[in-house]
Amino acid sequence: MKRIGILTGGGDAPGLNAAIRAVVKTSMGIYGNQVYGIRRGYEGILQEDGVFPMDYGTVRGILPQGGTILGAASGGNPFSIEVEEDGETVTRDRSGEVVDRIADLGLDIIVVIGGDGTLAIARGLIEKGAPIIGIPKTIDNDVEGTEMTIGFDTAVGMATYALDRLHTTAEAHHRAMVLELMGRYAGFITLMSGVSGGADVILIPEIPFKYEVICQKINDRVKRGANFSLLAVSEGARPEGGQMIYQNGDTGGAQPRLGGIGDAVSDHIQAHCGVESRVTVLGHLQRGGSPTAYDRWLASQFGAIAAHLADDGKAGRMVALRGGVVTDVELSETFIQAKEVDVDGAGVETARGLGICLGDRYDYQRE
Ligand code: F6P
């Protein structure tokens, strides 16, 4: 019987519980292996109450639940962990302790469910000898090596739902409606929901935009009798030659918080395009709540494959979706850089073909 640890790191994403459930049920049901839940990300490995045995009872009824029953930890990087020493908060490298503690706990392998940050830490721990398997999750879908991450589909669904609702009020008031969406430095959520929700303008980090092009598009729509416009804007979008906007001007830390470009675009439209404009920031509604059926399906498959890999002792692998098939890849090969939208790819081409303005140029549509 193998002893398998499981943790969720970084921010939550809808579908995490489906993946945890699949690891537990497949490990127990097929192999008779014992799974141990690790609370609050990597930190739980070092904490007294951080590791607990899981069974069918601990995962019963969690499939439709958002969040994570194991608890998420956005900080908690063991290579640079905050500790209290003599009344002061200092950062220390406790990665060696994590590796030792995994051995002390008698865990044969750890399944780490995380985004780029959590999986990059996993790679560092693997280099130090920790036996880890990765499962990619993040609403941003920016993990290289996999076509899809857990949580992305739910986020796109929420963003599309928001665009549908903004559409009717935009039309009623003859306004421009700007929807600012998450995704950090990748525009996958914005591009996919923008196309699905009928946005007239889509601004993504991969394609710097020009304000005058946005006005051109909006004004051309007015001339054609369409007195409203829908704009889907990534939090990481930026004008040509300009910078991304961070909340409270915060550019420090490992994960500075983006936000504010929606306001900037909306203010510009109101001031320079002669159209009334409003902005909505969808924020964490994209991450919270029940996962879609697809996210549950993907997470269940990812979890099941991870359970097989764990039984096989295949440390250093990451479960992935490639060519529409769930498989596994070398974890270390997935971090050359974060995955971005291919600006020459089919998604962008589809958007342009539909007459959607990507902000870099305005292609007049034939009537
Ligand atoms: O990586 C997921 C994500 O939701 C990003 O899209 C967003 O920029 C960030 O996390 C928000 O982080 P937090 O929950 O810490 O505000």
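Which helix gives the largest share of the lining of the largest pocket? The answer is α5, with 4 residues. This is a predicted model, where local features need pLDDT of at least 70, side-chain atom pairs count only at pLDDT 80 or more, and totals for chains, interfaces and linings use all residues. Residues are numbered from 1 along each chain as its sequence is written, and side-chain values use heavy atoms, with hydrogens and water left out.

**View 1. The largest pocket and its lining.** Its volume comes to about 1200 Å³. On a 1 Å grid over the protein atoms alone, a pocket is an open set of points where a 1.4 Å probe fits, with protein on both sides within 12 Å along at least five of seven lines, and lining residues have an atom within 4 Å of a point. Grid points are joined across faces, edges and corners, and the volume is the space filled by probe spheres set on the points. There are 47 lining residues, and Gly11, Ser74, Arg184, Gln255 and Arg287 sit closest to the pocket centre. Both α5 (116-127) and β8 (176-181) chip in at least two residues each; helices (H or I, at least four residues) and strands (E, at least two) are DSSP runs, numbered from the N terminus. Sorted by class, the lining holds 14 nonpolar, 19 polar and 14 charged residues. Here Ala, Val, Leu, Ile, Met, Phe, Trp, Tyr, Cys and Pro count as nonpolar, Asp, Glu, Lys and Arg as charged, and the others, Gly among them, as polar.

**View 2. Helix α1 against helix α10.** Helix α1 (residues 16-31) packs on α10 (residues 293-312) at about 40°, with the axes 7 Å apart. Axes are lines fitted to C-alpha atoms, for helices over the stretch in contact, and angles run from 0 to 180 degrees between N-to-C directions. The pair is therefore oblique, the label left over once under 35 degrees is roughly parallel, over 145 roughly antiparallel and 65 to 115 roughly perpendicular. Among the contact residues (heavy atoms within 4.5 Å) are Ala22 and Thr26 of α1, plus Gly303 and Ala307 of α10. The contact of α1 with α10 splits into 10 nonpolar, 5 polar and 2 charged residues.

**View 3. Helix α6 against helix α7.** The axes of α6 (residues 152-173) and α7 (residues 188-196) come within 8 Å and cross at roughly 45°, which makes α6 oblique to α7. Contact residues include Phe152 and Leu163 from α6 and Phe188 and Met192 from α7. This contact has 8 nonpolar, 4 polar and no charged residues.

**View 4. Helix α8 against helix α9.** Helix α8 (residues 211-223) and α9 (residues 261-272) have axes that come within 10 Å and cross at roughly 60°. Tyr211 and Cys215 are among the α8 residues in contact, and His268 and His272 among those of α9. The tally is 8 nonpolar, 2 polar and no charged residues.
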